[in-house]
Structure formats: C-alpha cells, structure tokens
Amino acid sequence: MSLAETLRIEGGRILATLIRYTGDFHLAEDALQDATLAALQRWSDDDPPPNPGGWLMTTARNKALDRLRREGKRTAKEEEAMRLLDTEPPPPDDKDDRLRLLFTCCHPAIAPPSQVALSLRTICGLSTEEIARVFLVKTPTMAQRISRTKAKIADAHIPYRVPSDYELPERLDPVLVTVYAVFTAGHHAPTGRFDERVDLAAEGIRLARLLTELMPDEPECWGLLALTLATQARRAARVDDAGEMVLLADQDRSQWDHAAIATAAAIIDRHQGRRRPGPFQVQAAIASLHGMAPSYEETDWVDITELYRTLEAMQPTTVVRVNRAVAEAEAYGPDRALELLDDVDSDWHYLWVARADFQRRLGLTDEARRSLHRALAADMNDSDRKLLERRLAELKG
Amino acid sequence: MPRYAALIYSEEPTAPPSDEEMGLVMADYTEFGEKSRTAGVNLGGEALHDTSTATTVRVEGGKGGEIMTTDGPFAETKEALGGFYLLQASDLDDAIKWASQIPGAWHGRVEVRPIWEFPEE
C-alpha cells in the first residue's frame with residue numbers, strides 16, 4: 001500500500017485517535033503531518049513497512065510527544081496528553097474514536113456547512129480543494145472556513161465525546177446529514193472520474209451502520225442506512241465498460257444488487273411502524289421503489305412523486321425540487337415539470353440538465369440547447385461532462 | 001478549566017416592571033446564583049443599568065489622542081447587554097448547560113464566549 005493510499009484509508013482513524021489522546025486538533029494534525037513527512041523520507045515505494053497504518057500511528061504518536069516535550073511550560077491538559085501518549089498501548093481500531101470526532105465536528109455550536117466541511121477534511125481525508133468543489137466555493141474560502149472551525153473547537157473547548165442519550169435528538173441531525181454527505185461524495189465524485197472515491201461511499205455506509213448500532217431506536221439512522229444501501233446497490237450498473245456514467249433509464253437492472261435492495265426495503269418496513277418519519281426515511285423509500293421497479297417505464301412514478309412532495313415539505317431545497325420535477329415529468333408530463341422549475345435559479349448543473357430534458361421533450365430545441373450550455377458552465381466530473389456534450393451534439397444533429 | 005463569559009441580552013422594558021414581576025425574575029436569578037456558586041461554576045457576575053445610562057468612549061487618532069464620548073451604547077440594537085456572568089465550566093457543553101439556566105436565556109438570549117486565557121509569565 002502506498003503512502004497516499006494509507007493516508008486516505010487510515011488517516012481519519014489515526015487523526016481521531018490522536019485527538020482523543022491529546023485533546024487538541026492542531027497538535028494532532030501537526031503530528032500526523034510530521035509522520036507523513038517522515039514516511040516520505042523513509043519509505044521506499046517498492047518496500048513500504050509491513051503495517052503502514054500502524055507505522056504511521058506509532059510515528060505520529062511519537063511526533064506528538066516530541067512536540068509536547070519541546071514546549072517549556074505545559075498545561076495540566078498537556079501533561080495528561082503526554083502521559084497518555086507515553087504509556088497507553090498502541091490503540092486498536094477504535095470505531096468510537098471516529099464517532100467522537102464526528103460528533104465534535106457536528107457540534108451545534110458549529111455552522112452546518114462547516115460541520116460537513118470539517119468532517120470531510122478530518123474523518124474522510126478529503127483535500128480542502130476537493131471539499132471546496134463539493135460546496136461550489138473557491139479553495140481559499142473553504143480553507144478559511146475549515147481553519148476558523150478548528151479554531152472555534154479549540155478556543156471554545158467543544159468537547160470530544162459522544163453525547164449522552166438525552167442530548168441525542170438535538171445532536172443527531174447534523175451527524176446524519178454529514179454521513180450522507182460523505183456517502184454522496186464517494187458515490188458521485190465532484191470532479192474527475194466519478195468512481196475514483198469508491199472508498200468514501202463505503203465509508204459512508206460504514207458510518208451509517210455504526211450509527212444504527214449506537215442509536216438503534218432512532219428511525220432516521222435506519223433511514224440513512226437504507227438509503228445508502230439502496231443507492232449503492234445500483235452502483236455496478238451506473239458505469240459502462242468505458243467508465244462512463246449510465247442513466248437510470250438505460251441501466252442494466254440485472255447488475256443491481258437485489259439482495260441489498262431487499263435489505264433496504266426490509267429496514268424501511270421495519271421502522272415505518274414507529275410513525276416518526278423523517279427526510280432520510282422518505283429518501284430511502286424513494287430509492288427502494290426505484291430498486292424494485294422491473295424497468296424505468298414500469299417504475300411507480302406516482303408514488304415516487306408523492307414521496308418527493310412529502311420530502312419537499314420537510315426540505316424545501318433546489319435539489320429536492322429538481323428531483324421532484326423529474327418524477328412529476330414521468331408521472332404527469334414534462335410541461336408541468338418544467339413549470340415547477342421556472343422559479344428556481346441555481347448554478348447546480350442538474351437543474352439545467354432537467355430543464356433541457358423537459359424542453360427537448362416539449363420540442364423546445366433552442367431552449368434545450370441553451371439550458372445544456374448553462375449546465376456545462378458548472379463544475380462537474382468528466383463522466384457527467386461527456387454525457388452532456390453528447391446530448392448537446394444530439395440536439396444539434 | 002476553561003472560563004466563559006455568559007453575556008445576557010434582552011429587550012429593555014419600555015415601562016418599569018411591577019414589583020411582582022420584578023420579584024419573580026429576581027427569585028429566578030437568586031436561584032441560579034446560589035446553584036451555580038455551590039457548584040463552583042459561578043466566578044462572578046453583575047447586572048447592568050439599562051442602555052440609556054451608557055456612555056461610549058473612543059480615543060480618536062491613536063493612543064493619547066482625543067477622547068470622544070457619545071451618549072448611549074456601542075450599538076443601538078433591539079436586544080441590549082443587560083448583565084453577565086463569568087462561568088468556569090469543563091467544556092462548551094457544560095457552559096451551555098449552565099447558560100441555559102440563566103433566566104436571561106428565556107427572557108432574552110445568552111451569548112457564551114470563551115475567555116482568552118493568557119499564559120502565565
């Protein structure tokens with residue numbers, strides 16, 4: 001395993017454990033960076049250490065100790081950190097460490113967009129540039145947002161722990177949203193080849209499963225798990241042999257993981273009885289209806305439309321409106337769907353892709369072409385871009 | 001242990017409260033004061049006269065420059081700083097837990113700000 005791979009897969013875990021030992025975000029990050037530099041000097045490409053993750057963890061621990069020793073005067077907290085770093089046995093893969101870190105990053109004292117950004121940075125090891133693309137902002141803006149958030153965690157002493165039961169209702173929501181953001185970042189990489197970050201999708205599912213283990217009585221945790229499973233189940237059919245994205249209508253449904261779809265459906269059924277609906281359960285129900293449809297045409301578009309209307313009442317966002325419009329177009333025709341998007345303005349490229357599709361179906365070719373040009377002006381992955389360019393060429397022909 | 005300023009903001013009453021209303025609010029503050037002092041959280045705190053008594057001072061032209069005084073608070077806002085506590089808490093969650101018991105949290109709002117701890121020389 002190369003250093004870059006090790007960092008991507010194990011970096012978040014190492015950082016989370018270091019933060020638990022030191023109670024200090026900055027120190028933990030600096031120590032991991034020191035260890036990475038040491039690895040760059042000492043590892044050779046063809047002969048990495050037998051346990052690269054363990055090597056990095058041990059080295060980072062020692063680097064954190066070095067940094068603390070260099071400080072002349074230490075606080076009681078730093079003395080305690082030194083004791084832990086020095087005497088505790090090398091940590092096992094402690095899943096709770098990352099969960100603690102997740103709840104810290106998603107503390108309600110942090111603004112929601114910063115919660116997701118910091119989680120992607122620390123737990124999933126995305127670069128600031130990649131996160132900036134997920135959020136459609138410039139890299140320096142994102143760098144500043146992340147560094148301010150870290151400063152707030154340190155200065156305001158936001159604790160590093162999993163909240164107790166009575167706090168969970170308030171604390172859970174931002175965590176669910178963040179885990180889903182991790183999953184989608186992997187499922188649909190913002191730039192480059194869209195299957196590049198398959199590990200993030202798996203990481204999102206793993207975190208979702210962890211949440212159901214920790215909070216089995218929260219239906220939204222199960223909704224999130226079902227949603228990620230049902231979405232991931234279609235993965236194999238989403239890419240063709242050339243690595244291009246295949247639209248839902250054109251996917252080979254025999255390639256879907258029907259066992260995973262059935263698992264997701266069973267989870268939804270089991271928790272519907274609790275009568276505590278939420279956006280993740282609704283989205284999971286939508287994904288599950290897609291998964292169980294024998295073909296695109298035979299999809300239950302009327303029920304899906306109804307679910308999207310429910311979802312929009314819970315989450316009135318552009319993304320939900322666009323998805324709802326796509327379903328309404330199949331259930332009730334493209335003219336009605338196009339109307340739904342008339343008062344929406346966003347740079348999100350799928351808004352313009354959807355508009356182009358409805359316009360094409362209504363015979364408004366010039367308008368469709370303009371919409372596709374508008375879509376192509378946005379940032380997107382190579383696969384999406386090729387697909388849009390192909391559609392534009394078809395419109396011209 | 002970190003320290004926090006709990007800054008109490010609320011709308012200033014247009015008319016003086018009745019003795020009965022005042023008594024109820026003061027009883028709540030007394031209760032919070034006793035509870036937080038017993039727990040070792042409350043390091044001090046004061047109530048402020050309302051913003052009509054405030055004077056804002058500024059020195060123009062740098063240190064030693066001209067002293068400018070204006071009548072009124074720094075910012076004219078609907079909700080004004082009416083008092084504060086200095087709290088010692090184990091972390092932000094603990095500080096929020098205590099701040100939520102200050103009567104100002106339901107009469108108005110409480111801003112929790114960490115104290116900048118300078119290293120001792």
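Biologist: Which residues in helix 2 (residues 92–99) of chain B are buried?

Modeller: Happy to start there, and do keep in mind that this is a predicted model. A residue counts as buried here if 20 or more other C-beta atoms lie within 10 Å of its own. In helix 2 of chain B, that description fits L92(B), A95(B), W98(B) and A99(B).

Biologist: Where do the buried residues fall when helix 2 of chain B is seen down its axis?

Modeller: Looking down the axis of helix 2 of chain B, you find its buried residues within an arc of 125°. They therefore line one face of the helix.

Biologist: What covers the buried residues of helix 2 of chain B?

Modeller: The cover includes two other helices, helix 1 (19–38) and helix 3 (104–107) of chain B. Strands of chain B take part too, and they include strand 1 (3–11), strand 5 (79–88) and strand 6 (109–114).

Biologist: In what order do the four strands of the open sheet in chain B stand?

Modeller: The edges are a good place to begin: strand 2 (42–47) and strand 6 of chain B each pair on one side only. The pairing in this sheet is antiparallel, and the twist averages 20° from one strand to the next. Read across, the order is 2-5-1-6.

Biologist: Which residue in strand 5 of chain B does L7(B) stand opposite?

Modeller: Strand 1 and strand 5 of chain B run antiparallel and are joined by nine bridges. Across from L7(B), in strand 5 of chain B, stands F84(B).

Biologist: What angle does the direction of helix 2 of chain B make with that of strand 6 of chain B?

Modeller: Helix 2 of chain B packs on the sheet, where it touches strand 1, strand 5 and strand 6 of chain B. With the direction of strand 6 of chain B, the helix makes an angle of about 150°.

Biologist: Now for chain A: what is its radius of gyration, and why does it agree with a compact globule?

Modeller: Chain A has 19 helices and zero strands, and its C-alpha atoms fill a box of roughly 75 × 50 × 40 Å along the principal axes. For 397 residues, a compact globule would have a radius of gyration near 21 Å, so the value for chain A agrees: 23 Å.

Biologist: How many residues does the contact take from chain B, and how many from chain A?

Modeller: On the side of chain B that touches chain A, the residues divide into three nonpolar, no polar and two charged. The contact takes five residues from chain B and six residues from chain A.

Key. Residues numbered from 1 in each chain as written. Chains lettered and ligands numbered in written order. Predicted model: local features only at pLDDT ≥ 70, side-chain atom pairs only at ≥ 80, totals over all residues. Buried ≥ 20, exposed ≤ 12 C-beta atoms within 10 Å, placed from the backbone. Arc of directions from axis to C-beta. Contact = placed C-beta atoms within 7 Å. Rg over C-alpha atoms; globule rule 2.2 N^0.38 Å. Nonpolar A, V, L, I, M, F, W, Y, C, P; charged D, E, K, R; others polar. Pairing = 2+ DSSP bridges. Axes fitted to C-alpha atoms, helices over the stretch in contact; angles between N-to-C directions.
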